[in-house]
Structure formats: C-alpha cells, structure tokens
Amino acid sequence: MTPFICTERERDGSDPIHCSQRKDNRKAAIMLPKFDPTNPLATMSVLEDVTTNVKKIQDSLLEAILSRNSQTEYLRGFLTGQLDKQSFKKNVPIVTYEDIKPHIDRIANGEPSDLICDRPISLLLATTGTSGGIPKLIPLTAEELEQRILFGFLYVPLVFKHIEGLTQGKSLMFYFVTRESETVSGLMVRFMITCVLKSVNPTNSFLWDRVQISPHAIAICEDTNQGMYCQLLCGLLQREHVARLGAPYASSFLKVIKFLEDHWPELCSNIRTGRLSDWITDAQCVSGIGNFLTAPDPDLANLIEQECSKTSWEAILSRIWPKAKCIEAVITGTMAQYIPLLEFYGGGLPLVSSWYGSSECFIGINLNPLSKPSDVSYTIIPSMGYFEFIEVVKDRQEAGHVPADPVVVDLVDVKIGHDYELLVTTFSGLYRYRLGDVLRVTGFHNNAPQFYFVGRQNVVLSIDLSKTYEEDLLKAVKNASLLLEPHDLMLMDFTSRVDLSSLPGHYVLYWELGNKFKNAKLDPKSNVLEECCLTVEESLDSIYREGRKNDKIIGPLEIKVVKPGAFDELMNFFLSRGSSVSQYKTPRSVTHEEALNILESNVVSEFLSRKTPSWELHELHSSR
C-alpha cells in the first residue's frame, strides 16, 4: 500500500502531513490511522478509539471536507464562503445520483476534478447498476481507497476472536474481477472489488498469501469461468486446510455452489489425473494452479465424487470442507432471501455478514460475527464519511422524494428503534448524497450507533395507490417460500414486475425453484404455488389488500415458474451491460424489455391467486 496520508489541512492551509508525524495531541484523528493489520491488539485499539470519539470525529471530518473542498465549483455555488455546519445543512441540498451526474460526466469527459473535489479523482467506481441496467459512476481518490482498505482490515480480528479454529487454516473466498474500462478522457472505471484486488502488490502480497487458499493471480483472472473453476480446484486440492468459505455477497457464493454442481465431474477428473482441463488457458490461472495440481490423487477424487453424487446436496459444503468453521458473505438486505439456501448447503456452518458498505462509502462493521442472520447489526465507523440521517416516517414517502422540510439528524442523535435513510458526505466529492438505504437503530457500541439494514427506500412495484417497497416484497416472498419446504422445494431466486396489459393490472413474480433431492418433483395435483400467491398477497400492506378485495383495482397476483438457469441468463444480460459478477444483485423488479423477454422465454408454469386476501375497514393504511 502507499503510505497513509491524513486528509486534514492545518489551520494555516499547509499541505496534509503523514498521520504518524502529527505533532498535535488531539485524541481523535478524523480518519483511520495507519495500523498493522497483522496485530490484533493494534486493530482493536483503533476500533475502540473511533467508536468512542464519534462526535469529535464527525464534526472534525465535516470541517475538514468543507475546508478542503470549499473552492470546488459545486460547493462554492451553495456555501458562498460559509463553512460552518449550520450553513452546510441549510444551504447544501440533499441529492440523488441524477443531481450530481452532470458534474461526474464532465470529469469523465476530461474536465478537472476540482469541479467537486480538491484532490485528483484517481478513478470512477461503477455500481452494480442492475436496477436500471446502467452502472452509476462514483468518484474516488487514492487516499479514500486506502481508507477503505484499512476499513476492511478492522473486522479481521473480530472473526478470529469469535470463531475458534480459524488460525488453523486459510480462507477459500471467491473473488472475481471485472474487465476495466476508461472514460473518453482516459479516467479508469472499475468496480470496488476489482479495485481492492488490484491494490494487492509485491509490498503487501504477504497478507494475501497468509490468509487465502487461492493464489492472487487466479483471483484477478478476468475470465470469470476460468477463475471460478481454478479457485474451486485450489479449494478441493487443499480441502483439509480450508477454515473459512465465502464470497462478497450471498448471491455470488451461491453461484459458485451452482458452478460446482455443474462441474464437479470435470474437477474430479483433473484431480484424478493430475492434469488441468485444456480449456483453462489463462496464463495466470495455469501458473497459479500449477503449485497445487502436481500429481494424480485418485483417493481425493473418489471422496469428492462420492459426496457430490449423493441424492441430496444438503450440507455439501461441510462434507467437502470438513474443517470449515463459517461461511462469510453479506446476508442482509436483499441478500437475506438466500439465507435458507446457505443454511441448506452449509449444514449448520455459521453465516457471517462482516461489514456494510457501498461504492459510495464504506460504513459499518458487524462486531458480533456469530449473531443470527436476522439479528445482524453494523456499527458505524465514523471516520469513513460524514453521516446524516433522514427519519423515515411510518407512512413513508414516495421513492426519490424528500419532504420540503425533512427531519435530518446527525450520527450521534439517532434514536434506538427509529428508521432512517442514510446520507453521506465524502472527501471524494459526494455531499449529502442519498444512498437509498433504510437503517434501523438497534443500539450503541461505545458512542457509535449500531444499525440493522432494513432495505432500500424504493418502490419496486406499484399499481394505483398501492406502493410495495423492497423490504415488504422480500418479507412477503419469504413467508410464501416457507410453504415449499414440505414439498422438498427451495426458492433459488426471484424478481417481479407489474403487468398492466389488461385491467385491472396485477403483480407478477418470477420464481426459480430447486429440489432438495435430485429426484424430487412437485405433485401435479398440489396447489402449493397458488397458496404461495395468496400468502404473498396476505403479507402485503392494507392498501394493496384493499385494492384487491374491496376496490377491485388490482388483479390476482401471479407466480411464473421459470426454468433452472433462467436467472443465470438474466445475470449474463446485466453483466453484458456493465455489471460485475462479484457485486451482482438480482434486481427485485425488472422493467427492461430485453430482461423481461429473457424471463418470459423461460416460463414453464403459471399460477394465480384463486382467493382474495383479507382486508377489514378498520385497518390503518399507514401500518407497516
């Protein structure tokens, strides 16, 4: 890594100085100080310091951001020289990406970074972009990238502290880079995970080798299939040394499991013969795997073949990797729907959701890695950005709309049990930027609030007055999917749309189902999918149910079952439009015509609610 540079200017306007050379005696640095990630005590000390000095860090951070960037074109237009917090809150507007996109586009086209930031924008981060199909571009400076890498090291000692046996092995974490691109002016465009992986260099590669099973050269292979195959092969060849399993997101880890299901015979053949498949041609993959695939190992091949050929893949991960202690992946928010699948394949392995962040800002760490997936809370790290919170009222506003006089509070002023939408302000040029994430305060660690990730503050489905938010749709689908369990079926993935081709319009859910046992089949006489339709409707709010039962302005909800692999096709479509395998999230609502055509072409059966959901006149529309 490059030397950590502190980003706060001295009062006389001099250049920033190295944090290790600071001569003042202030107790709280505004950004994460450089620390030795291999020293757990040093790491925990930093974590305790930043979660104790929250108010001082936040106030100093905002002061430093405004001082540094006050002469940028963007801030100059709002602040007119007034750099205090009150002026910032009064004059700088709350924005979405569309509001700042013109400035970012100008930088991408070659105008200087000081439109929004006083330091050079070193690259633009691409978001997943699966909602609209086109990634957003988020500015990032070199020093903020270094802060994010330090942030990533903060949670490492927590996992080792709470889970015994991790020191006796390494991590089989699956990473995938996405091919880089450039703007017309030559500015690099990368996804965040690609950015972190590419930051590994000869000066810090020992950290990778110390922790990871797969060589770094394989992880940065730009051919996803070759990289995934060789990472799996490394993990199988060293199965006795795997202490942790996972990927950045639950969805990407499940794609690895599906890949294993499709390729285990070939992997076993490689292990049995000691020869790598001819289609693996990437030089880095061939070189990286060469250190492990050194001789035939028929005993290992037979063992893996025996496990993978069993009727059920329940607990397949703990059977193949018997010394694995946990599965590590983001399992909150929209990823929560995959928890039952991970539990099925994991066979009791704890699910660890380590941290919470986005392309715009890294935000919080899970201080209790062994908490139940439904109870995961993230502790805000106040050094990562200046955080504000719009209180989310119970009748909730329409997506993208901010009330004329919203209730906005600082990080230290949030209240336990309340829901908030997060705003971030960063050194890299985002000011009062709406992430769209809704967080519920669950408690405090020292003085740092802890949040449960509720979901996205966006409407995914809407007919007439009924507006269904992502959080509500996820809960409804989860309730309905429980009906599948007695039939040995699993919901593998889903998305939705509104069908207005006939009146009244209705919601359509696309479900991909999987079997717990290879020969399991749904009884043709079973009406379980119709029951699922009704359960989804019963789980939605009173406005929807009134529209269905009383006003009859909403038609029966429909579930369309698609062929296995349909959601892989959907993912490939979005990848072709610039998304990333590592960061891909299935969109919970699809409107893109070509994406819908992919889904419709894979439909194998259709089901409708034959009953109307319950609704009573006394129900309050504002209930959640």
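Let me begin with the interior of this predicted model: its largest cavity has a volume of about 70 Å³. In all, the search returns four cavities of 30 Å³ or more. The lining of the largest cavity is formed by Met31, Leu61, Ile65, Glu144, Gln147, Ser383, Met384, Gly385, Thr426 and Phe427. Two elements, α2 (54–69) and α6 (142–154), each give two or more residues to that lining. By character, the lining residues comprise five nonpolar, four polar and one charged.

I turn next to the domains. The assignment for the protein chain lists domain 1 as 167–176 + 205–349, domain 2 as 377–395 + 409–456 and domain 3 as 459–620. Taken over C-alpha atoms, the centres of domain 1 and domain 2 are separated by 35 Å.

Helix α17 covers residues 470–481. Its 12 residues reach 16 Å from the first C-alpha to the last, close to the 16 Å expected at 1.5 Å a residue. How much of this helix is buried? Nine of the 12 residues of α17 are, so the helix is largely enclosed by the rest of the structure. Among these buried residues are Glu470, Glu471 and Asp472, together with Leu473, Leu474 and Val477.

I now come to the salt bridges, of which the whole structure contains 33. I shall present three pairs and then a network.

In the first pair, the side chains of Glu73 and Arg106 meet at 2.8 Å, N to O. Glu73 belongs to helix α3 (residues 73–79) and Arg106 to helix α5 (residues 97–108), with the partners 33 residues apart. Both are partly exposed: Glu73 has a relative accessible area of 33%, and Arg106 one of 27%.

The second pair joins Arg190 and Glu180 at 2.5 Å, N to O. Arg190 is in strand β5 (residues 188–190), while Glu180 sits 10 residues away in the loop between β3 (170–173) and β4 (181–182). Are these partners buried or partly exposed? Arg190, at 18% relative accessibility, lies under the 20% limit and therefore counts as buried. Glu180, at 24%, counts as partly exposed.

The third pair is Arg610 with Glu530, at 2.9 Å, N to O. Arg610 lies in the segment after β22 (603–608) and Glu530 in helix α18 (residues 528–539), so this salt bridge ties together parts that are 80 residues apart in sequence. Arg610 is exposed, with a relative accessible area of 70%.

Finally, the network: salt bridges with shared partners connect Lys55, Asp59, Lys85, Lys89, Glu388, Asp410 and Arg432.

Terms used: Residues are numbered from 1 along each chain as its sequence is written. Side-chain values use heavy atoms; hydrogens and water are left out. Helices (H or I, at least four residues) and strands (E, at least two) are DSSP runs, numbered from the N terminus. The expected span of a helix is 1.5 Å times one less than its number of residues. Buried means under 20% relative accessible area, exposed over 50%, partly exposed in between (1.4 Å probe, protein chains only). On a 1 Å grid over the protein atoms alone, a cavity is a set of points where a 1.4 Å probe fits but cannot get out, and a pocket is an open set with protein on both sides within 12 Å along at least five of seven lines; lining residues have an atom within 4 Å of a point. Grid points are joined across faces, edges and corners, and a volume is the space filled by probe spheres set on the points. Ala, Val, Leu, Ile, Met, Phe, Trp, Tyr, Cys and Pro count as nonpolar, Asp, Glu, Lys and Arg as charged, and the others, Gly among them, as polar. Domain bounds come from an automatic or database domain assignment. A salt bridge is a side-chain nitrogen of Lys or Arg within 4 Å of a carboxyl oxygen of Asp or Glu.
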